[in-house]
Amino acid sequence: MASQPSPCARIRASALAGLLVLALLAGAAACAPSTARPAGGGDRATGTLRIWLFREVDNRPKAAVVDRAVAAFLRDHRGVRADVTYIPVESRAQRIKAALNDPRSAPDLVEYGNTDTAGYVKDGGLADVTADFAAWPDARDTDPAARRSVTVDGKIYGAPLFVGVRALYYRTDVFRDLGLRPPRTLAELAATARRVHEARPRLYGLAVGGAYTYGALPFLWAHGGDLARKKGRRYTSALTGGEAKKGIVAYTALFGDHNCPPSTCAQMGGNATVEAFASGKAAMAIGGDFSHRAVENGKVKGAYAVVPLPGLREGQIAPAFAGGNNLGVLKSSSHRTLAVGLMRTLTGKHTQAELFDAMGFLPTYTDVRRAAARREPFVAPFVKTLDAGAAFVPTTPAWAAIDAGQVLPVMFQEIVSGRRSVDDAAARAAKKMNEAFRG
């Protein structure tokens with residue numbers, strides 16, 4: 001969310017007097033204090049649909065796309081109004097939890113991070129839209145990783161809104177001066193990082209972070225490891241498996257005086273590694289499509305390129321975490337059919353294409369994404385990464401606790417600091433994960 005300023009959205013209309021009236025009423029409703037409504041679900045065909053979306057750093061382009069999509073939906077649904085509110089990402093957990101506890105003040109539709117799906121399903125907040133999703137033509141082109149992000153125990157609880165994925169940024173000027181080529185395997189990546197740092201001691205060869213969970217996971221997955229395995233309805237940590245430990249070793253071996261000193265890099269997260277690259281302190285970094293703007297605004301503008309993070313063998317792409325956001329219908333909605341319809345409009349191909357143009361959000365549809373890559377070549381490496389097969393974290397409410405508890409960062413930091421061996425640190429992390437899975 002992986003992978004924000006407008007407290008409300010006004011529905012603007014470009015034609016038809018009737019639509020203008022509806023839009024103005026909806027805008028007024030969006031900015032007015034929310035009114036309570038009867039608890040419990042239902043299927044009313046008229047009334048006000050309430051939508052909560054995340055507020056972006058520069059929210060105006062997103063709001064403009066949403067306004068157009070909502071206006072088009074209202075045009076086809078007489079007697080329906082829309083109340084669109086943008087909520088801060090930082091306080092989303094408390095805001096949504098309060099809505100789940102008080103259905104009378106809850107929205108009909110809500111945007112949420114794709115790692116939150118299982119938790120909201122467990123709390124009884126999201127409506128099962130499996131049949132609606134199956135009957136929707138656009139959904140046939142949803143990529144598998146995005147589809148998994150709305151799936152819990154075989155049922156679908158929403159629609160993917162956009163996806164975020166990471167690839168390898170590298171300095172074209174440094175590589176040219178040192179006669180280097182973009183690495184084609186993970187082993188070559190490590191060797192290239194060492195060569196850069198040896199030749200340019202003030203540069204990290206590859207900026208890595210001990211707190212950069214989603215930058216580390218591709219190493220684990222590329223070696224055939226996994227975070228957890230599911231048996232029946234329960235997950236069990238897979239960190240102590242041989243393949244997983246090979247991946248852990250490959251990532252933690254990048255820390256050291258030969259590349260990225262633990263004294264500095266052990267505490268770095270994903271943002272810090274991207275900032276190191278953008279500011280000219282690193283020759284390579286693992287960054288997202290969503291990092292492009294920060295890099296463009298940095299010192300390395302015009303002197304960098306992006307390729308997929310390579311896998312174990314030449315020609316392979318390391319599986320990346322498929323981050324992003326989804327849009328779901330709340331079970332308490334009293335306008336279920338309308339809410340599902342608006343969900344389709346806001347997450348459909350046309351809207352996702354517009355959100356890409358406005359915000360750079362990668363579409364979740366394979367065909368729309370390829371078209372976006374033709375318009376904007378910088379996204380091509382990220383599209384290739386997704387097409388090669390992205391991965392996802394365990395779809396369980398326990399993941400939120402594991403993530404918030406910094407279980408994986410602590411494991412990496414213990415290893416790179418020398419406080420624990422790989423076997424010991426992995427075993428301790430696996431124990432904490434299993435405690436969360438049983439909770």
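Student: Which elements do the buried residues of α9 pack against?
Tutor: This is a predicted model. Helix α9 spans residues 213-222. Its buried residues include Tyr214, Phe219 and Trp221. The buried residues of α9 pack against β7, α8 (186-199), α10 (242-252), β10, α18 (398-404) and α19 (407-416).

Student: How many of the residues of helix α9 are buried?
Tutor: Buried means under 20% relative accessible area. Among the residues of α9 that meet this are Thr213, Gly215, Leu217, Pro218 and Ala222. Helix α9 is largely enclosed by the rest of the structure, because the count of buried residues is 10 of the 10.

Student: What phi does Gly224 take?
Tutor: Gly224 comes just after α9. Its phi is positive, at about 90°.

Student: In what order do the strands of the 3-stranded open sheet stand?
Tutor: Begin at the edges. Strands β10 (284-288) and β11 (304-307) each pair on one side only. Strand β7 covers residues 166-171 and pairs with β10. The pairing in this sheet is antiparallel, and the order is β10-β7-β11.

Student: Which residue in β10 is the bridge partner of Tyr170?
Tutor: Strands β7 and β10 pair over 5 bridges, in the antiparallel sense. One bridge involves Tyr170, and its partner in β10 is Met284.

Student: Is Ser291 buried or exposed?
Tutor: Ser291 lies in the loop between β10 and α13 (292-296). Leaving aside neighbours within four places in sequence, Ser291 is in contact with Tyr169 and Val274. The cut-off for buried is under 20% relative accessible area. Ser291 has 7% relative accessibility, so it counts as buried.

Student: Which strands stand at the edges of the 5-stranded sheet?
Tutor: This open sheet has mixed pairing and the order β2-β1-β3-β12-β6. An edge strand has a single partner strand, so one side is left without a neighbour in the sheet; the edge strands here are β2 (80-87) and β6 (159-164).

Student: By how many degrees are neighbouring strands of the 5-stranded sheet turned against each other on average?
Tutor: The order of this sheet is β2-β1-β3-β12-β6. The average ignores direction, and it comes to 20°.

Student: Which residue in β12 is the bridge partner of Gly164?
Tutor: Strand β12 covers residues 323-329 and runs antiparallel to β6. The two strands are joined by 5 bridges. For Gly164, the partner in β12 is Gly323.

Student: Which strands does helix α14 touch?
Tutor: Helix α14 covers residues 336-347 and packs on the sheet. Its direction makes about 155° with that of β12. The strands touched are β1, β2, β3, β6 and β12.

Student: Which strands does helix α3 lie across?
Tutor: Helix α3 covers residues 92-101. It runs at about 155° to β1. The strands are β1 (47-54), β2 and β3 (109-113).

Student: Which residues does the disulfide join?
Tutor: A search of the whole structure finds 1 disulfide. The S to S distance is 2.0 Å. The link is left-handed, with -85° about the S-S bond. Its two ends are both buried, and they are Cys260 and Cys265.

Student: Over which residues is the pLDDT below 50?
Tutor: The chain averages a pLDDT of 89, and 91% of the residues score at least 70. One stretch falls below 50 and has 86 contacts in the model beyond near neighbours in sequence. That stretch is residues 1-39.

Definitions and conventions
Residues are numbered from 1 along each chain as its sequence is written. This is a predicted model: local features need pLDDT of at least 70, side-chain atom pairs count only at pLDDT 80 or more; totals for chains, interfaces and linings use all residues. Side-chain values use heavy atoms; hydrogens and water are left out. Two strands pair if DSSP finds at least two bridges between them. Helices (H or I, at least four residues) and strands (E, at least two) are DSSP runs, numbered from the N terminus. A disulfide is a pair of cysteine sulfur atoms within 2.5 Å. Buried means under 20% relative accessible area, exposed over 50%, partly exposed in between (1.4 Å probe, protein chains only). pLDDT is the predictor's confidence in each residue, from 0 to 100. Contact means heavy atoms within 4.5 Å. Axes are lines fitted to C-alpha atoms, for helices over the stretch in contact, and angles run from 0 to 180 degrees between N-to-C directions.
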